[in-house]
Structures are given as structure tokens and as C-alpha cells.
Amino acid sequence: MQKKDCVSIEFCRLCNSKHLIKVFDLGRTPLANSYSKVKISKKLKKYPLRLNYCNSCGHLQLAHSIKPSKMFSNYLYKSNTSKKNFIHFKKYAYEIKKKIKNTNTKILDIASNDGTFLNFFEKKRFFRLGIDPAKNLKKLSIKKGITQIDDFFTKKISENIKKKYGKFDIITANHVCAHVEDLNDFFSGVQNLLKNDGLFIFEISYRASVLKKNTFDTIYHEHLDYHALYPISKFVKKFDLNVINFKTPEAQGGSLRVYTKKNKNSKNYIRVKKQILKEKKQLDLFKANTYKKFEKKIINCKQKLNFLIQNCVKNNMTIAGYGAAAKTTTFLNYFKISEKNIKFICDDNKLKQGLCIPGTKIKIVSPSNLNKANINILIIFAWNYAEAIINKNKKFKQKGGKFLIPFPDPKLI
């Protein structure tokens, strides 16, 4: 485990190459989920936030790693806060269950959060085990009748799990691989616990979606990696795993779901190969210059949005925000938007209400405050849920309120 709070990453996390090129620097920001009271928020320690591209395998990763215990031991993100996320997990679980015919199937969910995903697998058919380092979320899983270990998943922990529970038919890891300090150790643990005919499925943020939608705000210290199918398909082979299929669901603003099995040739080999070719030829994911262009687009977006905000302020319009997601921290700190411009930010997660966006004095409040205050413009920071937020706030719209969507190009609705 990492001992220092912040260390530079000198090697590619997938192929171990030293051929890393700096492609995007977002300066220094506080940890994305370090929500705190107003007196502390502005004083929070800031860490470098920079992207490096691997010239050997095409992987994209952060240049620095933050000690995991500083980010994940007390976690305020809950899987079931968003209805859209809830529905995503429900469909995802249903798809897996369709493939399973036998009873007494054993499923392990790594980074199981509050147990939302595992809860879609019925007790009668499945033995459900979760593992997550957030001690505050364990009690929420237990209430659902799910066994949950409050620890980080490692090869060493996998040995303890195997002794107690044996091997698993299904292992899932949803939007956690980018959070993992040592990916080799993590995948070794999966290899250790997966049955020979078992299925390991993991969902990760898809780099192609980040570039397409200009969603630079998904870059923060928790996310060490920005994945594409080609580099990850090569990486998993080190652990006797082959990519047998993939999907690109819209979850988290654009995800890549990867299906792997031990030493199994893919029936969807041609489909996987076509996507890899698309990444190389059409999407240009494996050229360092692509990320330099991406940085220019974000700087342009920053200028446009700040111009829009300043224009609204000049016209005596009051601005609030919706969505105190981790990405909002990156957004506000990099764009240098503060409490001078934004009155408050609404969020449905009660654990965050009363706290501030890290690095600012912008308070997070209940959405009920929106109709009480005289707000003219609502910036949708949770842009991946924009449609749901607009539909939810029809009263605000009827009163003449306007929505400002920042990506892929800032626009007022």
C-alpha cells in the first residue's frame, strides 16, 4: 500500500513502459469527494492533476497517485441516489441472470458500495458477497441482507475470501478499476477467485465518450485510468483472461463494459476486433496529439462558459447549480468558478447536503431550495442526468428559469 499522500507514477499502469508523455494539465485541485464544512473547504490540500499518455500501449492515466485511504474510507457517493443509475444496474443484473440457469450461483461484486447492484440478485438463487473499503456503506448493504467485507480488494484479501467462501461463478467490478492503486495485484486477485468456467465483467469509463462529449470533469484523483478496449484487452491476457464481448452503455456519461473468461476464445472475436480498429483508425485514441487537441477544446469551453456566466451576472441574474458529483469539483476548480457566481448547488444525496464543494464555499443543499430561492439560471453539473433533472424541475422552468448545460458545448435552454 502507498505510504505517502501523493506519489508520481513513473510507469504505465498496464504495460509497465516508461514512455509516458504529458498531454493535459489541470493544475492542482482538492480531492473530488472531500466535501467539508465552509471553514475547511477553501483550506483543503490540493494535489497535481495531470494526464500522461503511454506511447507504448496507448493507455491514458494520471501522472500522480493519491493514497487510497484518503479518498475511499468514508465515501459519500451512493449507487442508488440516481434513478437512472438504479435502472442501469437493474438491466445489467437482468442480463447476467438470463445467462445463469443453475441455482446456488456465487457472485462477488468488487466495490459494492451500498449493495444496490447485488440486491438485484435474489437470495434464493445467489450467494452474494460484496467488498468495499467504505465502512459507512457496509451497514446499508447488511440491511439488504448482503454479506459485505469493508476492505480494499487485493490478491492477499482474495486468499482470505477463497478460504472462507471458495471460488466464484461471477465476479463484477463496476467503475472501480480506475480507482485501484495496483491493477496487477487486483487482477491477480480476480484470477485467484474466478472459477475456470466463471465470468468476470467489469465496467469502466470509456475514453472515446470522454473525448466525444468533452467531459474533462471526469478527470479527478480517484480516476487513475481512462480506458480503451485495445490496451485493456491486451492487459487482461496476463491473467489468463480473454475479452469475449463488450458493450458501451450510457452509464456514467459513457462506459465500456468488458466481458472476460479464462482461456476462452471469443465468439464475438470479429466484433471486438472491429471496435479496436475503430479506436485506432476513426477515433484516433492512440495518438498523443489527440489529447493536446482535447485540451484546447476544454480551454475553449472554459472561455465560453465563463463569458456566459459573467453575462448573466451583469444582467443581475442569480445562478445555482444541480449535481454535487465528484466531477463538479474538477469542473469548478479548473474553470475557477466560485461562490461569487453560484449561490448554491442542489443534490439529492442527503449525505452531501450542508457541506461544500471541495475548494469552494459553494454550499450543497436539498433540491427543495430551488423553488424557495429566486434563481434565474441553473447549471446542470450532473450533465449525464440532464434530461431527468430538467423533467424534475418543470416548476422552475415555468417560472422562467433557464438551464445551462456545459457539455459538449455550453448552451442555455
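## Close-up views of a predicted structure

**View 1. E17 and E18 pair in the parallel sense, joined over three bridges.** The model shown here is predicted. Strand E17 covers residues 377–380, and strand E18 covers residues 402–405. To find one of the partnerships between them, start at Ile 379: its bridge partner in E18 is Leu 404. Which residue of E19 stands opposite Leu 404? That residue is Leu 412. E18 and E19 run antiparallel, and two bridges join them. These two strands also form a hairpin, with five residues between them.

**View 2. An open sheet is built from six strands.** Read across the sheet, the order of the strands is E16-E15-E14-E17-E18-E19, and their pairing is mixed. Which strands are at the edges? They are E16 (364–365) and E19 (411–412), each of which pairs on one side only. Strand E14, residues 319–322, pairs with strand E15, residues 345–346, in the parallel sense over two bridges. Here Tyr 322 stands opposite Cys 346 of E15. Helix H10, made of residues 288–314, packs on this sheet and touches E14, E17, E18 and E19. The direction of H10 makes about 135° with that of E14.

**View 3. H10 packs with helix H11, residues 326–335.** Two packed helices are described by the angle between their axes and the distance between the axes. For H10 and H11, the angle is about 80° and the axes are 11 Å apart. H10 is therefore roughly perpendicular to H11, as angles of 65 to 115 degrees count as such. On the H10 side, look for Ile 298, Ile 299, Cys 301, Lys 302, Leu 305 and Asn 306. They meet Phe 331, Tyr 334 and Phe 335 of H11. By class, the residues of this contact are seven nonpolar, one polar and one charged.

**View 4. Helix H5 packs with helix H6 at an angle of about 20°.** H5 covers residues 155–165, H6 covers residues 183–193, and their axes are 8 Å apart. The angle makes H5 roughly parallel to H6, because angles under 35 degrees count as roughly parallel. Is the crossing of H5 and H6 left-handed or right-handed? It is right-handed. H5 brings Lys 155, Ser 158, Glu 159, Ile 161 and Lys 162 to the contact, while H6 brings Asp 185, Ser 188, Gly 189, Asn 192 and Leu 193. Sorted by class, the contact of H5 with H6 has two nonpolar, four polar and four charged residues.

**View 5. Seven strands form an open sheet with mixed pairing.** Follow the strands in the order E8-E7-E6-E9-E10-E13-E12. At the edges stand E8 (147–149) and E12 (241–247); each has a single partner strand, so one side of each is left without a neighbour in the sheet. On average, neighbouring strands of this sheet are turned by 20° against each other, direction ignored. Within the sheet, strand E6 (residues 105–110) and strand E7 (residues 126–131) pair in the parallel sense over six bridges. Try finding Leu 108, whose bridge partner in E7 is Leu 129.

**View 6. Confidence is shown along the chain, with a mean pLDDT of 91.** A pLDDT of 70 or more is reached by 96% of the residues. Which element of the chain has the lowest mean pLDDT, and which the highest? Helix H2 (residues 68–72) has the lowest, at 74, and H6 has the highest, at 98.

Conventions
Residues are numbered from 1 along each chain as its sequence is written. This is a predicted model: local features need pLDDT of at least 70, side-chain atom pairs count only at pLDDT 80 or more; totals for chains, interfaces and linings use all residues. Side-chain values use heavy atoms; hydrogens and water are left out. Two strands pair if DSSP finds at least two bridges between them. Helices (H or I, at least four residues) and strands (E, at least two) are DSSP runs, numbered from the N terminus. Contact means heavy atoms within 4.5 Å. Axes are lines fitted to C-alpha atoms, for helices over the stretch in contact, and angles run from 0 to 180 degrees between N-to-C directions. Angles under 35 degrees count as roughly parallel, over 145 as roughly antiparallel, 65 to 115 as roughly perpendicular and the rest as oblique. A crossing is left-handed if the near helix is turned anticlockwise from the far one by less than a right angle, and right-handed if clockwise. Ala, Val, Leu, Ile, Met, Phe, Trp, Tyr, Cys and Pro count as nonpolar, Asp, Glu, Lys and Arg as charged, and the others, Gly among them, as polar. pLDDT is the predictor's confidence in each residue, from 0 to 100.
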